[in-house]
Amino acid sequence: MERRTIELDQGWDFMQKGITKLKRILEGSVEQFNSEEYMMLYTTIYNMCTQKPPHDYSQQLYDKYREAFEEYINSTVLPCIREKHDEFMLRELVKRWSNHKLMVRWLSRFFHYLDRYFIARRSLPALNEVGLTCFRDLVYGEVNGKARDAVIVLIDKEREGEQIDRALLKNVLDIFVEIGMGAMDRYEQDFETHMLQDTGAYYSRKASNWILEDSCPDYMLKAEECLRKERDRVSHYLHSSSEPKLVEKVQHELLVVYANQLLEKEHSGCRALLQDDKVEDLSRMYRLYHKIPKGLEPVAAIFKQHITAEGTVFVQQAEDAASSQAASGGIQEQVLIRKIIELHDKYMAYVNDCFQNHTLFHKAMKEAFEIFCNKTVIGSSSAELLATFCDNILKKGGSEKLSDEAIEEMLEKVVKLLAYISDKDLFAEFYRKKLARRLLFDRSANDDHERSILTKLKQQCGGQFTSKMEGMVTDLTLARENQTSFEKYLGNNPNAHPGIDLTVTVLTTGFWPSYKSSDLNLPEEMVRGVEIFKEFYDQKSKHRKLTWIYSLGSCHLNGKFEQKTIELIVSTYQAALLLLFNSSDRLSYSEIITQLNLTHDDLVRVLHSLSCAKYKILAKEPNTKTISQTDYFEVNHKFTDRMRRIKIPLPPVDERKKVVEDVDKDRRYAIDAAIVRIMKSRKVLGHQQLVSECVEQLSRMFKPDIKAIKKRMEDLITRDYLERDKENPNVFKYLA
């Protein structure tokens with residue numbers, strides 16, 4: 001049976017009835033479409049599109065579909081929106097948009113056959129799109145400016161603390177997003193740009209008042225709260241893509257524009273917060289500024305200045321206290337190191353807790369400590385002070401009465417401090433000298449601590465730094481074993497007894513500091529001991545030569561005085577001199593120097609310690625405080641002391657000069673080696689580059705002086721390691 005043809009007017013009249021019913025439903029009627037009506041409307045369109053030409057009305061229906069929307073919008077939607085204003089207009093707009101989407105959904109279903117075939121074949125905009133475009137062109141195009149302004153007014157009201165209908169705003173802004181049909185350009189251009197502009201102006205006004213009225217912590221609290229509220233705004237009604245732009249705008253107005261004024265505020269800025277240990281406020285400052293590009297740089301700069309100033313004050317206090325003789329014996333220097341360690345602990349906690357371990361603050365702290373840790377204090381370099389501080393911790397009866405855990409912790413901190421000192425080689429030399437004294441004179445409190453700090457130094461500065469020191473500690477262990485073997489040897493050879501108790505410490509030359517070995521004429525009581533030990537040692541190792549360092553030896557003598565016998569603990573030099581008086585009652589200076597074969601300086605020190613210092617074992621003529629070459633000496637038989645055993649110290653020798661000289665000599669070798677190493681690999685190099693590479697290579701141990709490097713270059717040229725380029729004297733060539 002043939003299908004009856006539906007004419008356009010007739011078919012459209014039928015469709016109009018359906019559309020009119022849909023409009024009534026949208027306007028609030030409780031009617032509904034039943035499935036039969038829906039099918040009739042769908043089938044009518046289907047039939048009108050599948051009739052043979054010229055009765056295929058697909059194009060006409062496509063056009064009428066658009067016209068249905070345009071007619072409804074112009075007759076009903078726009079008049080309703082135009083008569084309302086502000087919030088009421090927004091509500092109407094939201095309602096109309098919601099209805100429009102419903103209308104698009106229903107009509108797209110009725111006209112679905114068009115979408116499937118006609119539109120697909122002709123590549124025309126889909127029905128859905130046509131429906132939304134009508135609203136965009138007719139409604140949105142007219143009201144988006146007013147809607148935007150109304151929304152911005154409401155946002156500003158909310159910023160001032162008023163309650164607003166957030167759901168309404170969310171719905172309005174969804175229109176700006178949805179009308180872009182997949183693109184964000186409508187939301188961004190028609191709303192977001194203006195909203196950001198208004199936000200900037202709003203916070204600019206606020207900030208200009210707050211910066212004058214509020215303290216830095218109060219201002220930061222407000223800024224943090226504003227940022228929190230703006231993020232909250234995004235989560236409730238703005239599109240999520242607005243968050244970074246909005247936050248950036250608020251940060252700019254509140255934090256970037258007033259950064260200097262805020263951080264430099266006189267009684268509450270960054271300096272004051274550091275001064276008063278306002279940890280929470282500093283953490284807030286970090287939180288606010290770390291999200292801003294380069295925002296932390298001024299904070300880190302103030303942090304560095306603050307630490308530098310505090311450290312410099314400590315150095316100055318130590319200088320002042322020492323010059324006013326308030327403390328003697330290096331106590332002031334030890335107090336200084338302790339203060340610097342405490343300072344380091346304090347600000348390291350700031351870096352970790354307030355500034356979240358940020359590299360910028362680690363760098364600021366490092367640079368600050370490098371400034372005052374490399375100042376000379378009371379004529380001593382910080383390298384020496386640190387070595388002395390370690391010595392105090394590690395030696396028996398040092399000024400530090402600490403538990404083992406506290407000592408370990410303190411050593412850890414000292415090694416961290418060493419990282420800031422540029423003359424690490426100077427520290428190593430002073431430390432080695434003091435370590436030698438602790439080991440040789442049995443002054444070390446605990447071997448485990450000695451090894452522990454060497455491990456820490458090795459981790460910090462590398463194996464080369466500690467190899468000699470480790471050798472010294474090992475030497476002492478071997479020396480003890482050696483002594484046990486010697487005692488066994490004496491037990492097995494009764495004829496070989498030296499007649500005195502003899503302990504010999506054998507050391508490896510390369511590990512230890514260089515000591516002066518003198519040709520002291522030993523007293524006969526000691527000579528036999530030396531010979532017997534030599535016989536024993538030669539049996540053990542034939543290829544080693546023993547050099548005796550008498551200046552490091554110590555002896556226990558019994559001094560028989562009129563009142564009582566007193567045990568005297570003296571150096572080998574002092575013992576050799578005192579034993580001369582067993583065979584002579586009175587000796588002149590010249591007789592003593594001849595018999596002992598000592599240098600003038602050494603003899604003056606020894607005689608001074610025995611006749612002019614605290615314990616006057618010898619009586620001197622004339623009775624003056626200084627030693628001269630015309631003096632005479634005899635035993636002071638009336639000498640007595642309340643103790644049964646006394647130690648007679650030698651006047652200290654200032655070793656600082658020698659240590660500095662030794663280090664200077666080593667530096668010359670190190671610079672030579674670095675230059676040769678660089679030139680060997682590069683063959684040809686410009687002067688400036690050679691100097692900078694040399695500085696870079698050596699700076700792990702010391703800060704080389706540029707003049708010294710130039711001097712070493714000249715020296716290497718004279719020794720035919722390098723030559724200047726004939727064309728360009730600023731270029732060096734390596735001579736293999």
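Reader: How much area does the chain expose, and what share of it do carbon and sulfur atoms supply?

Author: Keep in mind that this is a predicted model. The chain exposes about 38700 Å². Carbon and sulfur atoms supply part of that area, and their share is 50%.

Reader: What is the radius of gyration of the chain, and what does the globule rule give?

Author: There are 28 helices and nine strands in the chain. For 736 residues the globule rule gives 27 Å, and the chain sits well over that, so it is more spread out than a compact globule. The C-alpha trace spans about 155 × 65 × 60 Å along the principal axes. As for the two values you asked about, the rule gives 27 Å and the chain has a radius of gyration of 47 Å.

Reader: What percentage of the contacts with a separation of 6 or more comes from residues 24 or more positions apart?

Author: On burial, 46% of the 736 residues count as buried. As for the contacts with a separation of 6 or more, the share from residues 24 or more positions apart is 70%.

Reader: How far apart are the mean positions of the positive and negative charges?

Author: The chain carries 109 positive and 112 negative charges. Take the mean position of each set, and the distance between the two is 3 Å.

Reader: What does helix 26 reach from its first C-alpha to its last, and which residue follows it?

Author: Helix 26 runs over residues 656-682, which makes 27 residues. At 1.5 Å a residue you'd expect 39 Å, and the helix comes close to that with 38 Å. Next comes a residue with a positive phi, near 65 degrees: lysine 683.

Reader: Which elements are among those that cover the buried residues of helix 26?

Author: The buried residues of this helix include Val659, Ile671, Ile675 and Met679, and charged-type names such as Asp662 and Arg667 are on the list too. Their cover includes strands 7, 8 and 9. Helices contribute as well, among them helix 19, helix 27 and helix 28.

Reader: Is lysine 170 buried or partly exposed, and which residues is it in contact with beyond its sequence neighbours?

Author: Lysine 170 lies in helix 7 and is partly exposed, with a relative accessible area of 34%. Its C-alpha is 4.1 Å from that of tyrosine 237, although the two are 67 residues apart along the chain. Leaving aside neighbours within four places in sequence, its contacts are His236 and Tyr237.

Reader: Why does glutamate 192 count as buried, and what does it touch?

Author: Glutamate 192 belongs to helix 8. It counts as buried because its relative accessible area is 3%, and the cut-off is under 20%. Not counting residues up to four places away in sequence, it touches Tyr187, Ser241, Ser242 and Lys245.

How values were computed: Residues are numbered from 1 along each chain as its sequence is written. This is a predicted model: local features need pLDDT of at least 70, side-chain atom pairs count only at pLDDT 80 or more; totals for chains, interfaces and linings use all residues. Side-chain values use heavy atoms; hydrogens and water are left out. Helices (H or I, at least four residues) and strands (E, at least two) are DSSP runs, numbered from the N terminus. The radius of gyration is taken over C-alpha atoms; the globule rule is 2.2 Å times the number of residues to the power 0.38. Buried means under 20% relative accessible area, exposed over 50%, partly exposed in between (1.4 Å probe, protein chains only). Contact means heavy atoms within 4.5 Å. Accessible areas come from the Shrake-Rupley method with a 1.4 Å probe; for residues, only the protein chains shown count as cover. Lys and Arg count as positive and Asp and Glu as negative; His and the chain ends are not counted. The place of a charge is taken as NZ of Lys, CZ of Arg, CG of Asp or CD of Glu. The expected span of a helix is 1.5 Å times one less than its number of residues.
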